[in-house]
Amino acid sequence: MAVPETGPVLLVGCGNMAGSMLRGWLAAGLDPAQVTAVEPNAASVPAGVTHLSMLPPDGASPAIVMLGVKPQKLDEVAPALAPLLAPETILLSILAGTELGSLRARFPAPRAIVRVMPNMPAAIGRGVLALHADGLEPAGRELVAAMMGALGLVEWIGDERLFDAVTALSGSGPAFLFRFIDALGKAGAALGLPADQAARMALATVGGAAALAEASDADPGTLAERVASPGGSTRKGLDVLDRTLDTLLEDTLVAAERRNAELAAETR
Ligand SMILES: NC(=O)C1=CN([C@@H]2O[C@H](COP(=O)(O)OP(=O)(O)OC[C@H]3O[C@@H](n4cnc5c(N)ncnc54)[C@H](OP(=O)(O)O)[C@@H]3O)[C@@H](O)[C@H]2O)C=CC1
Ligand SMILES: O=C(O)[C@@H]1CCC=N1
């Protein structure tokens, strides 16, 4: 999906996540000349994007501002950023745990503030972008949905209280899956396969399975049953996996969700 006409975009923080989104937007056709990134590390700012090492003291308000720093840095950037924002600026925040109320308290000017929970595959247009907005008019909603749609699947979250759960599921999710790929390869190597070969096969198996699940009308549970031929070997493996997988993932998401709630309290 092509990125829409946005007007000037200011990124405050352009590290792993905001940088991934920026790369996704540039690949989808965003003009780098429209973008300014305030970021201590110039090397992480793509070519053609204006780089600043700190916020300018004044200047025209950008149409879109995206906060991409760590939640712990919010109070470092807020005093210099707040005066640069106009009522018509759309403020996007990807900060985990940081609530709309906490953003409103620091940025009183913009009418529209949007919490965005992206994930890293946004860099290749395969991200998940969860959105929760306050004060966004229909035209702004369309613009934000189109911008995020250029990066992957857009899901509007009506109840902001679910954002910590969303962050645990799709924001952190790629890390859990990278671990799974790694562990699958290591398990193959433990059975005697050369480690590099096992790693390649694990990655291709996970990528292929995810692509098939996306392309198929059947749900993942049904697909798993199709792999498990009656009386075959997959069933024996599933019997082991099924003993712990659901609780393991629930515990994993609960731990991540809790930390997001702590970050929310710290930035309140
Ligand atoms: N990583 C992910 O997959 C996801 C992250 N997020 C959210 O994205 C945000 C950033 O996380 P992530 O990208 O992982 O972290 P990074 O540390 O990679 O990115 C943050 C960037 O902000 C820079 N920075 C620090 N202080 C300032 C400042 N005063 N002005 C401008 N830039 C500054 C940092 O520079 P330096 O390193 O020099 O401090 C760094 O490059 C967090 O709020 C996180 O919750 C959300 C979803 C997924
Ligand atoms: O680990 C973090 O805090 C962020 C939020 C989701 C992914 N990374």
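In the predicted model, strand β1 (residues 9-12) directs Val9 and Leu11 to one side and Leu10 and Val12 to the other, and all of these residues are buried. Here a residue is termed buried if 20 or more other C-beta atoms lie within 10 Å of its own, exposed if 12 or fewer do, and partly exposed in between, with C-beta atoms placed from the backbone. Strands are DSSP runs of E with at least two residues, helices are runs of H or I with at least four residues, and both are numbered from the N terminus. The model is a prediction in which local features need pLDDT of at least 70 and side-chain atom pairs count only at pLDDT 80 or more, whereas totals for chains, interfaces and linings use all residues. Residues are numbered from 1 along each chain as its sequence is written, while chains are lettered from A and ligands numbered from 1 in the order in which they are written.

Strand β1 pairs with β2 in the parallel sense over 4 bridges, and Val9 stands opposite Val35 of β2. Two strands are taken to pair if DSSP finds at least two bridges between them. In general, strands of a sheet pair through backbone hydrogen bonds, in either a parallel or an antiparallel manner. The open sheet comprises 8 strands in the order β3-β2-β1-β4-β5-β6-β7-β8, with mixed pairing. Its edges are formed by β3 and β8 (152-156), each of which pairs on one side only. From one strand to the next, the twist averages 20°, where axes are lines fitted to C-alpha atoms and angles run from 0 to 180 degrees between N-to-C directions.

Within this sheet, strand β6 (residues 112-117) is largely enclosed by the rest of the structure, because 6 of its 6 residues are buried. Both of its faces are covered, with Ala112, Val114 and Val116 buried on one side and Ile113, Arg115 and Met117 buried on the other. Strand β5 (residues 90-93) runs parallel to β6 and is joined to it by 4 bridges; Leu92 stands opposite Val114. Towards the β8 edge, 5 bridges join strand β7 (residues 127-134) to β8 in a parallel arrangement, and Val128 has Leu153 as its bridge partner.

The chain as a whole contains 9 helices and 8 strands, and its C-alpha trace spans about 70 × 35 × 35 Å along the principal axes. Of its 268 residues, 34% are buried. Contacts (C-beta atoms, placed from the backbone, within 7 Å) with a separation of 6 or more are made in 65% of cases by residues 24 or more positions apart.

Two domain annotations are taken from an unreviewed UniProt entry. The feature "domain: Pyrroline-5-carboxylate reductase catalytic N-terminal" covers residues 11-97; this span is 23% helix and 20% strand, and its end C-alpha atoms lie 19 Å apart. The feature "domain: Pyrroline-5-carboxylate reductase dimerisation" is placed at residues 160-263; this span is 84% helix and 0% strand, with its end C-alpha atoms 15 Å apart. UniProt positions follow the numbering used here, feature names are shortened, and annotations may be inferred rather than shown by experiment.

Ser44 is located in the loop between β2 (35-38) and β3 (50-52). With 16 C-beta neighbours inside 10 Å, Ser44 counts as partly exposed. Beyond its neighbours within four places in sequence, Ser44 contacts Cys14, Gly15, Gly19 and Glu39. The C-alpha atoms of Ser44 and Gly19 are separated by 7.1 Å, although these residues are 25 apart along the chain. Gly207, in helix α7 (residues 195-215), is exposed because 11 other C-beta atoms lie within 10 Å. The C-alpha atom of Gly207 is 9.4 Å from that of Ile181, 26 residues away along the chain.

Two ligand shells were examined, a residue being assigned to a shell if its C-beta atom, placed from the backbone, lies within 6 Å of the ligand. Around ligand 1 there are 26 residues, of which Gly13, Gly15, Asn16, Met17 and Ala96 come nearest. Helices α1 (16-27) and α2 (74-81) each supply at least two residues of this shell, and α1 gives the most, with 3 residues. The shell around ligand 1 has 14 nonpolar, 8 polar and 4 charged residues. In this classification, Ala, Val, Leu, Ile, Met, Phe, Trp, Tyr, Cys and Pro count as nonpolar, Asp, Glu, Lys and Arg as charged, and the others, Gly among them, as polar. Ligand 2 is surrounded by Ala96, Thr167, Gly171 and Ser172, a shell with 1 nonpolar, 3 polar and no charged residues.

Key. Two residues are in contact if their C-beta atoms, placed from the backbone, lie within 7 Å.
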